[in-house]
Amino acid sequence: MSASLLLVAVLSVVIAALSRHYNLSSPLVLVVVGLAIGWIPGLSAAELDPEFVLFVILPPLLYSAAQDSSYQEIRANRRAIGLLAIGLPLFTAAAVGVVAYLSVPHLPLAAALVLGAIVAPPDAVSAQAIGRRVGLPRQIMTLLGGESLLNDATALTALRVALAAAVGATTSVWGGVETFLLAAVGGLVIGLLIGYLVFRIRDWLTDPTIETAIGLMVPIGTYFVAEELHTSGVIAVVVAGLFLGQRSARVGYATRIQDAAVRKSIDALLEAFVFLLIGLQLPDLIRGLAGQSWLHIAFDAAMVLIATILVRFVWVYAATYAARVLPGVRRREPPPKPSWLFVVGWSGMRGVVSLAAAFSIPLTTESGEPFPARAEILFLTFVVVVGTLLIQGVSLPWVIRRLGVSSEEDAAADRLAYAAAQDRASREAESYLDTMARDIDDQDPRQLQVAMLRKWITTQRNTAWEELGRGPEDIGESPTAAGNRMRNKMLAIQRRVFIDERDAGHIDDEVLRTALRRLDFAEGVNDRET
(Lines give C-alpha, C1' and ligand atoms only; values in the text may rest on other atoms or scores of the structure.)
Protein backbone atom coordinates (compact mmCIF):
# COMPACT_ATOMS: atom_id res chain seq x y z
CA MET A 1 0.00 0.00 0.00
CA SER A 2 2.84 2.43 0.82
CA ALA A 3 4.38 1.88 -2.64
CA SER A 4 1.01 2.56 -4.28
CA LEU A 5 0.56 5.77 -2.31
CA LEU A 6 4.08 6.89 -3.20
CA LEU A 7 3.34 6.30 -6.88
CA VAL A 8 0.07 8.23 -6.56
CA ALA A 9 1.90 11.13 -4.90
CA VAL A 10 4.55 11.34 -7.64
CA LEU A 11 2.02 11.01 -10.45
CA SER A 12 -0.32 13.59 -8.90
CA VAL A 13 2.42 16.22 -8.74
CA VAL A 14 3.36 15.59 -12.39
CA ILE A 15 -0.27 15.90 -13.53
CA ALA A 16 -0.83 19.01 -11.41
CA ALA A 17 2.29 20.63 -12.89
CA LEU A 18 1.12 19.92 -16.43
CA SER A 19 -2.38 21.21 -15.63
CA ARG A 20 -1.04 24.47 -14.26
CA HIS A 21 1.33 24.87 -17.20
CA TYR A 22 -1.57 24.58 -19.65
CA ASN A 23 -3.93 26.65 -17.44
CA LEU A 24 -6.29 23.75 -16.74
CA SER A 25 -8.21 23.05 -13.53
CA SER A 26 -5.92 20.68 -11.62
CA PRO A 27 -8.62 19.08 -9.41
CA LEU A 28 -10.77 18.16 -12.39
CA VAL A 29 -7.90 16.83 -14.50
CA LEU A 30 -6.62 14.75 -11.58
CA VAL A 31 -10.04 13.20 -10.93
CA VAL A 32 -10.49 12.30 -14.62
CA VAL A 33 -6.98 10.83 -14.87
CA GLY A 34 -7.61 8.86 -11.68
CA LEU A 35 -10.81 7.45 -13.13
CA ALA A 36 -8.94 6.37 -16.26
CA ILE A 37 -5.98 4.84 -14.40
CA GLY A 38 -8.27 2.92 -12.05
CA TRP A 39 -9.45 0.73 -14.93
CA ILE A 40 -5.99 -0.31 -16.14
CA PRO A 41 -5.90 -4.15 -15.83
CA GLY A 42 -3.43 -5.58 -13.33
CA LEU A 43 -2.74 -2.26 -11.60
CA SER A 44 -2.92 -2.59 -7.82
CA ALA A 45 -5.46 -0.25 -6.27
CA ALA A 46 -4.39 2.58 -3.96
CA GLU A 47 -6.81 2.16 -1.09
CA LEU A 48 -8.24 5.21 0.63
CA ASP A 49 -7.52 4.89 4.34
CA PRO A 50 -9.96 7.16 6.23
CA GLU A 51 -7.60 7.51 9.20
CA PHE A 52 -4.81 8.62 6.86
CA VAL A 53 -7.05 11.22 5.22
CA LEU A 54 -8.53 12.59 8.45
CA PHE A 55 -5.30 12.65 10.48
CA VAL A 56 -2.62 13.39 7.85
CA ILE A 57 -4.19 15.10 4.83
CA LEU A 58 -7.08 17.14 6.21
CA PRO A 59 -5.34 18.97 9.14
CA PRO A 60 -2.53 20.63 7.09
CA LEU A 61 -5.02 21.82 4.45
CA LEU A 62 -7.37 23.26 7.08
CA TYR A 63 -4.47 24.83 8.98
CA SER A 64 -3.08 26.48 5.86
CA ALA A 65 -6.51 27.80 4.86
CA ALA A 66 -7.03 29.18 8.36
CA GLN A 67 -3.65 30.92 8.34
CA ASP A 68 -4.48 32.57 5.02
CA SER A 69 -7.94 33.64 6.21
CA SER A 70 -8.76 37.06 7.59
CA TYR A 71 -10.14 37.00 11.11
CA GLN A 72 -11.61 40.46 10.54
CA GLU A 73 -13.43 39.37 7.37
CA ILE A 74 -14.71 36.19 9.02
CA ARG A 75 -15.93 38.17 12.01
CA ALA A 76 -17.67 40.70 9.76
CA ASN A 77 -19.45 37.85 7.91
CA ARG A 78 -19.94 35.57 10.93
CA ARG A 79 -23.71 35.28 10.54
CA ALA A 80 -23.56 34.22 6.88
CA ILE A 81 -20.62 31.90 7.54
CA GLY A 82 -22.43 30.35 10.51
CA LEU A 83 -25.48 29.64 8.37
CA LEU A 84 -23.28 27.99 5.72
CA ALA A 85 -20.92 26.14 8.05
CA ILE A 86 -23.38 24.94 10.71
CA GLY A 87 -26.93 25.28 9.43
CA LEU A 88 -26.35 24.07 5.87
CA PRO A 89 -24.55 20.77 6.71
CA LEU A 90 -27.28 19.83 9.19
CA PHE A 91 -30.02 20.75 6.70
CA THR A 92 -28.22 18.85 3.93
CA ALA A 93 -27.78 15.76 6.10
CA ALA A 94 -31.50 15.69 6.91
CA ALA A 95 -32.79 16.55 3.41
CA VAL A 96 -30.47 14.25 1.44
CA GLY A 97 -31.04 11.51 4.03
CA VAL A 98 -34.82 11.69 3.49
CA VAL A 99 -34.40 11.64 -0.31
CA ALA A 100 -32.09 8.62 -0.07
CA TYR A 101 -34.52 6.86 2.30
CA LEU A 102 -37.38 7.36 -0.17
CA SER A 103 -35.31 6.49 -3.27
CA VAL A 104 -32.95 3.66 -2.31
CA PRO A 105 -34.67 0.31 -1.61
CA HIS A 106 -33.89 -1.46 1.67
CA LEU A 107 -32.08 1.58 3.09
CA PRO A 108 -33.11 2.24 6.72
CA LEU A 109 -33.67 5.84 7.76
CA ALA A 110 -30.68 5.84 10.13
CA ALA A 111 -28.37 4.60 7.36
CA ALA A 112 -29.86 7.17 4.96
CA LEU A 113 -29.04 9.93 7.45
CA VAL A 114 -25.50 8.56 7.60
CA LEU A 115 -25.29 9.09 3.84
CA GLY A 116 -26.72 12.59 4.23
CA ALA A 117 -24.11 13.53 6.84
CA ILE A 118 -21.33 12.10 4.67
CA VAL A 119 -22.15 14.24 1.61
CA ALA A 120 -23.06 17.31 3.67
CA PRO A 121 -19.70 19.16 3.76
CA PRO A 122 -18.63 20.83 0.49
CA ASP A 123 -14.92 20.85 -0.27
CA ALA A 124 -14.10 24.50 -0.83
CA VAL A 125 -10.52 23.74 -1.94
CA SER A 126 -11.52 23.39 -5.59
CA ALA A 127 -14.09 26.22 -5.39
CA GLN A 128 -11.54 28.61 -3.91
CA ALA A 129 -8.89 27.54 -6.43
CA ILE A 130 -11.28 28.34 -9.30
CA GLY A 131 -12.41 31.53 -7.56
CA ARG A 132 -8.86 32.81 -7.23
CA ARG A 133 -8.14 32.02 -10.86
CA VAL A 134 -11.18 33.85 -12.26
CA GLY A 135 -11.16 36.63 -9.65
CA LEU A 136 -14.14 36.18 -7.33
CA PRO A 137 -14.94 39.12 -5.01
CA ARG A 138 -13.37 38.94 -1.57
CA GLN A 139 -16.69 38.59 0.23
CA ILE A 140 -17.59 35.44 -1.72
CA MET A 141 -14.12 34.02 -1.14
CA THR A 142 -14.48 34.81 2.57
CA LEU A 143 -17.83 33.01 2.71
CA LEU A 144 -16.50 29.93 0.92
CA GLY A 145 -13.31 29.92 2.96
CA GLY A 146 -15.08 30.41 6.28
CA GLU A 147 -17.57 27.70 5.37
CA SER A 148 -14.82 25.24 4.52
CA LEU A 149 -13.08 25.87 7.85
CA LEU A 150 -16.03 24.77 9.97
CA ASN A 151 -18.47 22.71 7.90
CA ASP A 152 -16.34 19.55 8.20
CA ALA A 153 -16.64 19.72 11.99
CA THR A 154 -20.43 20.07 11.80
CA ALA A 155 -20.84 17.23 9.30
CA LEU A 156 -18.44 14.84 11.03
CA THR A 157 -20.15 15.43 14.38
CA ALA A 158 -23.54 14.79 12.77
CA LEU A 159 -22.05 11.63 11.25
CA ARG A 160 -21.07 10.38 14.72
CA VAL A 161 -24.65 10.73 15.92
CA ALA A 162 -26.10 9.12 12.77
CA LEU A 163 -23.65 6.22 12.92
CA ALA A 164 -24.49 5.61 16.57
CA ALA A 165 -28.15 5.30 15.64
CA ALA A 166 -27.44 3.15 12.59
CA VAL A 167 -25.28 0.60 14.41
CA GLY A 168 -27.71 0.33 17.30
CA ALA A 169 -25.79 2.27 19.94
CA THR A 170 -27.90 4.21 22.40
CA THR A 171 -28.35 7.84 21.41
CA SER A 172 -30.89 10.64 21.66
CA VAL A 173 -31.51 14.12 20.38
CA TRP A 174 -30.04 15.59 23.56
CA GLY A 175 -27.12 13.21 23.32
CA GLY A 176 -26.43 14.49 19.81
CA VAL A 177 -26.58 18.12 20.95
CA GLU A 178 -24.29 17.32 23.87
CA THR A 179 -21.82 15.62 21.55
CA PHE A 180 -21.81 18.62 19.21
CA LEU A 181 -21.34 21.16 22.03
CA LEU A 182 -18.53 19.12 23.59
CA ALA A 183 -16.79 18.85 20.23
CA ALA A 184 -17.16 22.57 19.46
CA VAL A 185 -16.22 24.01 22.88
CA GLY A 186 -13.46 21.48 23.47
CA GLY A 187 -11.97 22.07 20.03
CA LEU A 188 -12.08 25.83 20.57
CA VAL A 189 -10.27 25.62 23.91
CA ILE A 190 -7.64 23.16 22.69
CA GLY A 191 -6.99 25.21 19.56
CA LEU A 192 -6.51 28.40 21.56
CA LEU A 193 -4.22 26.73 24.09
CA ILE A 194 -2.00 25.09 21.48
CA GLY A 195 -1.97 28.22 19.34
CA TYR A 196 -0.88 30.39 22.27
CA LEU A 197 1.76 27.87 23.40
CA VAL A 198 3.24 27.58 19.90
CA PHE A 199 3.23 31.36 19.49
CA ARG A 200 5.15 31.85 22.73
CA ILE A 201 7.68 29.14 21.82
CA ARG A 202 8.27 30.53 18.34
CA ASP A 203 8.50 34.06 19.71
CA TRP A 204 11.23 32.88 22.09
CA LEU A 205 13.19 31.10 19.36
CA THR A 206 15.37 32.91 16.82
CA ASP A 207 15.87 30.02 14.39
CA PRO A 208 13.57 30.22 11.32
CA THR A 209 14.25 26.60 10.35
CA ILE A 210 13.17 25.21 13.73
CA GLU A 211 10.22 27.63 13.88
CA THR A 212 8.97 26.36 10.51
CA ALA A 213 9.50 22.75 11.61
CA ILE A 214 7.35 23.41 14.69
CA GLY A 215 4.72 25.00 12.47
CA LEU A 216 4.59 21.86 10.33
CA MET A 217 3.75 19.76 13.39
CA VAL A 218 0.99 22.05 14.67
CA PRO A 219 -1.95 20.87 12.50
CA ILE A 220 -1.38 17.11 12.86
CA GLY A 221 -0.49 17.38 16.55
CA THR A 222 -3.48 19.62 17.32
CA TYR A 223 -5.88 17.33 15.47
CA PHE A 224 -4.53 14.25 17.27
CA VAL A 225 -4.77 15.83 20.74
CA ALA A 226 -8.29 17.11 20.16
CA GLU A 227 -9.55 13.77 18.81
CA GLU A 228 -7.93 11.86 21.66
CA LEU A 229 -9.85 14.09 24.09
CA HIS A 230 -13.08 13.36 22.14
CA THR A 231 -13.49 16.91 20.87
CA SER A 232 -13.41 18.30 17.33
CA GLY A 233 -9.97 18.08 15.76
CA VAL A 234 -11.20 20.16 12.84
CA ILE A 235 -12.25 23.09 15.05
CA ALA A 236 -9.05 22.85 17.09
CA VAL A 237 -6.87 23.02 13.96
CA VAL A 238 -8.88 25.90 12.51
CA VAL A 239 -8.74 27.93 15.73
CA ALA A 240 -4.99 27.32 16.12
CA GLY A 241 -4.45 28.34 12.48
CA LEU A 242 -6.49 31.54 12.84
CA PHE A 243 -4.69 32.43 16.10
CA LEU A 244 -1.21 31.92 14.66
CA GLY A 245 -2.14 33.47 11.32
CA GLN A 246 -3.21 36.70 13.01
CA ARG A 247 0.11 36.82 14.87
CA SER A 248 2.33 35.88 11.94
CA ALA A 249 3.01 39.58 11.32
CA ARG A 250 4.94 39.66 14.61
CA VAL A 251 7.40 36.88 13.74
CA GLY A 252 10.68 37.40 11.92
CA TYR A 253 10.59 38.05 8.18
CA ALA A 254 12.68 34.96 7.38
CA THR A 255 10.26 32.71 9.29
CA ARG A 256 7.27 34.31 7.58
CA ILE A 257 8.73 33.88 4.08
CA GLN A 258 9.84 30.32 4.79
CA ASP A 259 6.49 29.37 6.36
CA ALA A 260 4.54 30.60 3.37
CA ALA A 261 6.74 28.80 0.85
CA VAL A 262 6.67 25.49 2.75
CA ARG A 263 2.89 25.62 3.32
CA LYS A 264 2.13 26.34 -0.32
CA SER A 265 4.32 23.45 -1.45
CA ILE A 266 2.65 21.04 0.99
CA ASP A 267 -0.81 22.29 -0.02
CA ALA A 268 -0.06 21.70 -3.70
CA LEU A 269 1.16 18.15 -2.99
CA LEU A 270 -1.74 17.18 -0.72
CA GLU A 271 -4.43 18.67 -2.95
CA ALA A 272 -3.06 16.93 -6.04
CA PHE A 273 -2.70 13.66 -4.13
CA VAL A 274 -6.26 13.85 -2.82
CA PHE A 275 -7.99 14.46 -6.14
CA LEU A 276 -6.06 11.73 -7.96
CA LEU A 277 -6.84 9.34 -5.11
CA ILE A 278 -10.55 10.11 -5.47
CA GLY A 279 -10.60 8.98 -9.08
CA LEU A 280 -8.75 5.75 -8.27
CA GLN A 281 -11.50 4.49 -5.95
CA LEU A 282 -14.14 3.73 -8.59
CA PRO A 283 -13.15 0.15 -9.59
CA ASP A 284 -13.31 -1.15 -6.00
CA LEU A 285 -16.66 0.54 -5.46
CA ILE A 286 -18.04 -1.01 -8.64
CA ARG A 287 -16.91 -4.45 -7.55
CA GLY A 288 -18.74 -3.97 -4.26
CA LEU A 289 -22.04 -3.66 -6.16
CA ALA A 290 -21.69 -6.87 -8.16
CA GLY A 291 -25.01 -8.55 -8.91
CA GLN A 292 -27.20 -5.48 -8.43
CA SER A 293 -29.37 -3.77 -11.02
CA TRP A 294 -27.40 -0.92 -12.55
CA LEU A 295 -30.60 0.74 -13.75
CA HIS A 296 -31.81 1.08 -10.16
CA ILE A 297 -28.37 2.12 -8.94
CA ALA A 298 -28.14 4.83 -11.64
CA PHE A 299 -31.57 6.16 -10.65
CA ASP A 300 -30.65 6.22 -6.96
CA ALA A 301 -27.36 7.96 -7.72
CA ALA A 302 -29.06 10.59 -9.88
CA MET A 303 -31.65 11.33 -7.18
CA VAL A 304 -29.04 11.73 -4.44
CA LEU A 305 -26.77 13.86 -6.65
CA ILE A 306 -29.62 16.18 -7.72
CA ALA A 307 -30.83 16.48 -4.14
CA THR A 308 -27.34 17.36 -2.91
CA ILE A 309 -27.00 20.14 -5.49
CA LEU A 310 -30.52 21.56 -5.05
CA VAL A 311 -30.51 21.52 -1.25
CA ARG A 312 -27.62 23.99 -1.20
CA PHE A 313 -29.54 26.42 -3.41
CA VAL A 314 -32.65 26.12 -1.25
CA TRP A 315 -30.67 26.88 1.90
CA VAL A 316 -28.57 29.70 0.44
CA TYR A 317 -31.57 31.62 -0.89
CA ALA A 318 -33.93 30.84 2.00
CA ALA A 319 -31.41 31.58 4.75
CA THR A 320 -30.18 34.77 3.08
CA TYR A 321 -33.59 36.35 2.59
CA ALA A 322 -35.07 34.99 5.82
CA ALA A 323 -32.19 36.51 7.81
CA ARG A 324 -33.01 39.94 6.38
CA VAL A 325 -36.31 40.07 8.25
CA LEU A 326 -34.39 40.08 11.55
CA PRO A 327 -34.42 43.44 13.38
CA GLY A 328 -31.71 45.76 12.12
CA VAL A 329 -30.34 43.46 9.43
CA ARG A 330 -32.16 45.14 6.54
CA ARG A 331 -30.93 48.60 7.60
CA ARG A 332 -27.40 47.47 8.43
CA GLU A 333 -26.63 45.39 5.34
CA PRO A 334 -27.14 46.11 1.63
CA PRO A 335 -29.42 43.72 -0.25
CA PRO A 336 -27.60 40.61 -1.55
CA LYS A 337 -26.72 40.45 -5.21
CA PRO A 338 -28.63 37.58 -6.93
CA SER A 339 -25.57 36.73 -9.03
CA TRP A 340 -23.44 36.34 -5.90
CA LEU A 341 -26.03 34.08 -4.28
CA PHE A 342 -26.10 31.85 -7.36
CA VAL A 343 -22.29 31.55 -7.41
CA VAL A 344 -22.25 30.59 -3.72
CA GLY A 345 -25.01 28.06 -4.36
CA TRP A 346 -23.17 26.57 -7.33
CA SER A 347 -19.88 26.30 -5.40
CA GLY A 348 -20.88 23.11 -3.60
CA MET A 349 -18.37 20.58 -4.90
CA ARG A 350 -17.68 17.65 -2.57
CA GLY A 351 -14.25 16.20 -1.91
CA VAL A 352 -12.11 13.69 -0.12
CA VAL A 353 -13.56 14.36 3.34
CA SER A 354 -16.86 12.85 2.20
CA LEU A 355 -15.11 9.79 0.78
CA ALA A 356 -13.00 9.33 3.91
CA ALA A 357 -16.13 9.58 6.05
CA ALA A 358 -17.86 6.97 3.88
CA PHE A 359 -14.96 4.53 4.14
CA SER A 360 -15.02 4.95 7.93
CA ILE A 361 -18.45 3.28 8.14
CA PRO A 362 -18.06 0.06 10.19
CA LEU A 363 -18.62 -3.28 8.49
CA THR A 364 -21.09 -4.48 11.13
CA THR A 365 -23.59 -3.10 13.62
CA GLU A 366 -23.57 -3.59 17.39
CA SER A 367 -25.49 -6.83 16.95
CA GLY A 368 -22.93 -8.25 14.50
CA GLU A 369 -25.15 -7.81 11.44
CA PRO A 370 -23.63 -6.29 8.27
CA PHE A 371 -24.04 -2.52 8.12
CA PRO A 372 -27.13 -1.90 5.95
CA ALA A 373 -26.39 -0.94 2.32
CA ARG A 374 -22.76 -0.05 3.07
CA ALA A 375 -21.63 -0.72 -0.51
CA GLU A 376 -24.47 1.44 -1.87
CA ILE A 377 -23.58 4.30 0.47
CA LEU A 378 -19.94 4.18 -0.64
CA PHE A 379 -20.90 4.24 -4.31
CA LEU A 380 -23.48 7.01 -3.88
CA THR A 381 -20.91 9.10 -2.03
CA PHE A 382 -18.45 8.60 -4.89
CA VAL A 383 -21.09 9.67 -7.43
CA VAL A 384 -21.84 12.83 -5.46
CA VAL A 385 -18.14 13.71 -5.09
CA VAL A 386 -17.19 13.10 -8.73
CA GLY A 387 -20.51 14.39 -10.08
CA THR A 388 -20.28 17.73 -8.30
CA LEU A 389 -16.60 18.11 -9.21
CA LEU A 390 -17.23 17.45 -12.89
CA ILE A 391 -20.60 19.21 -13.26
CA GLN A 392 -20.19 22.22 -10.98
CA GLY A 393 -16.41 22.38 -11.12
CA VAL A 394 -16.26 22.43 -14.92
CA SER A 395 -19.05 24.98 -15.29
CA LEU A 396 -18.21 27.28 -12.36
CA PRO A 397 -15.73 29.50 -14.30
CA TRP A 398 -18.30 29.89 -17.10
CA VAL A 399 -21.05 30.71 -14.58
CA ILE A 400 -18.87 33.34 -12.91
CA ARG A 401 -18.00 35.00 -16.21
CA ARG A 402 -21.57 34.75 -17.49
CA LEU A 403 -22.98 36.47 -14.40
CA GLY A 404 -20.30 39.16 -14.51
CA VAL A 405 -19.06 38.47 -10.99
CA SER A 406 -15.56 39.89 -10.54
CA SER A 407 -13.21 41.36 -7.96
CA GLU A 408 -12.40 44.60 -9.81
CA GLU A 409 -14.04 46.75 -7.11
CA ASP A 410 -12.06 44.93 -4.42
CA ALA A 411 -8.82 45.44 -6.36
CA ALA A 412 -9.46 49.18 -6.75
CA ALA A 413 -10.30 49.56 -3.05
CA ASP A 414 -7.21 47.56 -2.11
CA ARG A 415 -4.96 49.78 -4.22
CA LEU A 416 -6.39 52.91 -2.60
CA ALA A 417 -6.08 51.51 0.93
CA TYR A 418 -2.54 50.31 0.27
CA ALA A 419 -1.47 53.64 -1.23
CA ALA A 420 -2.84 55.57 1.74
CA ALA A 421 -1.18 53.24 4.25
CA GLN A 422 2.10 53.27 2.30
CA ASP A 423 2.04 57.06 2.19
CA ARG A 424 1.70 57.24 5.98
CA ALA A 425 4.38 54.58 6.48
CA SER A 426 6.75 56.47 4.16
CA ARG A 427 6.21 59.75 6.00
CA GLU A 428 6.92 58.06 9.34
CA ALA A 429 10.13 56.57 7.91
CA GLU A 430 11.17 59.94 6.44
CA SER A 431 10.63 61.56 9.84
CA TYR A 432 13.06 59.03 11.32
CA LEU A 433 15.60 59.76 8.56
CA ASP A 434 15.30 63.50 9.22
CA THR A 435 16.10 62.88 12.87
CA MET A 436 19.09 60.71 11.96
CA ALA A 437 20.37 63.21 9.35
CA ARG A 438 20.42 66.07 11.87
CA ASP A 439 22.89 64.11 14.01
CA ILE A 440 25.25 63.36 11.10
CA ASP A 441 27.74 65.81 9.68
CA ASP A 442 27.30 66.75 6.00
CA GLN A 443 30.69 65.26 5.16
CA ASP A 444 29.95 62.00 6.94
CA PRO A 445 29.74 59.04 4.48
CA ARG A 446 26.59 57.96 6.25
CA GLN A 447 24.78 60.88 4.59
CA LEU A 448 25.03 58.94 1.31
CA GLN A 449 23.16 56.05 2.95
CA VAL A 450 20.50 58.46 4.21
CA ALA A 451 20.04 59.82 0.69
CA MET A 452 19.74 56.31 -0.76
CA LEU A 453 17.18 55.33 1.88
CA ARG A 454 15.21 58.52 1.24
CA LYS A 455 15.12 57.72 -2.48
CA TRP A 456 13.98 54.16 -1.73
CA ILE A 457 11.15 55.41 0.50
CA THR A 458 10.05 57.87 -2.19
CA THR A 459 10.01 55.05 -4.75
CA GLN A 460 7.79 52.94 -2.48
CA ARG A 461 5.29 55.77 -2.12
CA ASN A 462 5.30 56.62 -5.82
CA THR A 463 4.77 52.98 -6.80
CA ALA A 464 1.70 52.72 -4.56
CA TRP A 465 0.12 55.88 -5.99
CA GLU A 466 0.98 54.87 -9.57
CA GLU A 467 -1.06 51.68 -9.14
CA LEU A 468 -4.21 53.71 -8.46
CA GLY A 469 -4.34 55.00 -12.01
CA ARG A 470 -3.51 51.69 -13.67
CA GLY A 471 -6.17 49.13 -14.44
CA PRO A 472 -6.00 45.82 -16.31
CA GLU A 473 -6.21 47.69 -19.63
CA ASP A 474 -3.10 49.76 -18.86
CA ILE A 475 -0.33 47.74 -20.45
CA GLY A 476 2.26 50.51 -20.70
CA GLU A 477 5.34 50.37 -18.49
CA SER A 478 5.39 52.82 -15.59
CA PRO A 479 8.64 54.57 -14.58
CA THR A 480 8.86 52.47 -11.43
CA ALA A 481 8.28 49.26 -13.38
CA ALA A 482 11.02 50.25 -15.83
CA GLY A 483 13.42 50.88 -12.96
CA ASN A 484 12.57 47.53 -11.38
CA ARG A 485 13.06 45.74 -14.69
CA MET A 486 16.52 47.25 -15.07
CA ARG A 487 17.34 46.42 -11.45
CA ASN A 488 16.37 42.78 -12.03
CA LYS A 489 18.60 42.72 -15.11
CA MET A 490 21.54 43.97 -13.05
CA LEU A 491 20.84 41.34 -10.39
CA ALA A 492 20.83 38.66 -13.11
CA ILE A 493 24.19 39.90 -14.38
CA GLN A 494 25.68 39.76 -10.87
CA ARG A 495 24.26 36.29 -10.33
CA ARG A 496 25.86 35.06 -13.57
CA VAL A 497 29.24 36.51 -12.56
CA PHE A 498 29.15 34.77 -9.17
CA ILE A 499 28.32 31.45 -10.87
CA ASP A 500 31.18 31.94 -13.33
CA GLU A 501 33.53 32.68 -10.44
CA ARG A 502 32.50 29.45 -8.75
CA ASP A 503 32.90 27.45 -11.96
CA ALA A 504 36.38 28.94 -12.44
CA GLY A 505 37.37 27.85 -8.94
CA HIS A 506 37.81 31.39 -7.59
CA ILE A 507 35.14 30.96 -4.91
CA ASP A 508 33.63 27.85 -3.34
CA ASP A 509 29.96 26.81 -3.15
CA GLU A 510 29.42 28.24 0.34
CA VAL A 511 30.43 31.72 -0.87
CA LEU A 512 28.20 31.29 -3.91
CA ARG A 513 25.21 30.29 -1.76
CA THR A 514 25.71 33.37 0.44
CA ALA A 515 25.85 35.64 -2.62
CA LEU A 516 22.84 34.03 -4.26
CA ARG A 517 20.81 34.27 -1.06
CA ARG A 518 21.43 38.03 -0.88
CA LEU A 519 20.65 38.54 -4.58
CA ASP A 520 17.51 36.39 -4.33
CA PHE A 521 16.18 38.45 -1.40
CA ALA A 522 16.89 41.65 -3.35
CA GLU A 523 15.05 40.31 -6.40
CA GLY A 524 12.17 39.11 -4.22
CA VAL A 525 11.75 42.58 -2.74
CA ASN A 526 11.97 44.06 -6.23
CA ASP A 527 9.28 41.75 -7.57
CA ARG A 528 6.97 42.57 -4.65
CA GLU A 529 7.27 46.27 -5.54
CA THR A 530 6.54 45.68 -9.23
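This dialogue discusses selected features of a predicted model.

Student: How are two aromatic rings described as a pair?

Tutor: In general, the distance of the centres and the angle of the planes describe a pair of aromatic rings. The structure here holds six aromatic pairs. In one of them, the ring centres of Phe-313 and Phe-342 are 5.1 Å apart and the planes stand at 50 degrees; planes under 30 degrees apart would count as stacked and over 60 as edge-to-face, so this pair is tilted.

Student: Which helices hold Phe-313 and Phe-342?

Tutor: Phe-313 belongs to helix 14 (residues 294–323) and Phe-342 to helix 16 (residues 338–346). The two residues are 29 residues apart, and their pair links distant parts of the chain.

Student: What other ring pairs with Phe-313?

Tutor: Trp-346 forms a tilted aromatic pair with Phe-313, at 6.0 Å centre to centre and with 45 degrees between the planes. Because Phe-313 lies in helix 14 and Trp-346 in helix 16, this pair ties together parts that are 33 residues apart in sequence. Ring pairs thus link Phe-313, Phe-342 and Trp-346 into a cluster.

Student: Why does Phe-313 count as buried, and Phe-342 as partly exposed?

Tutor: The relative accessible area decides the class, and buried means under 20%. Phe-313 has 13%, so Phe-313 is buried. Phe-342 has 31%, which lies between 20% and 50%, so Phe-342 is partly exposed. Trp-346 is buried, as is Phe-313.

Student: Where does the charged end of Arg-247 sit?

Tutor: The charged end of Arg-247 is placed over the ring of Phe-243, 3.8 Å from the centre of that ring.

Student: How should the crossing of helix 3 and helix 11 be read?

Tutor: One reads the approach of the axes, the angle and the handedness in turn. The axes of helix 3 (residues 50–68) and helix 11 (residues 233–246) come within 7 Å and cross at roughly 35 degrees. Their crossing is right-handed. Among the residues that meet are Leu-58, Leu-62 and Tyr-63 in helix 3 and Val-234, Val-238 and Leu-242 in helix 11. By class, this contact has 11 nonpolar, three polar and no charged residues.

Student: Which residues other than glycine have a positive phi value?

Tutor: Two examples may be considered. His-230 has phi near 60 degrees and is placed in the loop between helix 10 (208–228) and helix 11. Ala-373 has phi near 55 degrees, and its place is in the loop between helix 17 (352–359) and helix 18 (374–403).

Student: Is each of these residues buried or exposed?

Tutor: His-230 counts as exposed because its relative accessibility is 58%, whereas Ala-373, at 17%, counts as buried.

Note on methods. Residues numbered from 1 in each chain as written. Predicted model: local features only at pLDDT ≥ 70, side-chain atom pairs only at ≥ 80, totals over all residues. Heavy atoms only, no water. Axes fitted to C-alpha atoms, helices over the stretch in contact; angles between N-to-C directions. Helix = DSSP H or I, 4+ residues; strand = E, 2+ residues; numbered from the N terminus. Left-handed = near helix turned anticlockwise from the far one by under 90°. Contact = heavy atoms within 4.5 Å. Nonpolar A, V, L, I, M, F, W, Y, C, P; charged D, E, K, R; others polar. Phe/Tyr/Trp six-rings, centres within 6.5 Å; stacked < 30°, edge-to-face > 60°. Buried < 20%, exposed > 50% of the residue type's maximum accessible area, 1.4 Å probe, protein only. Lys NZ or Arg CZ within 6 Å of the ring centre and 35° of its normal.
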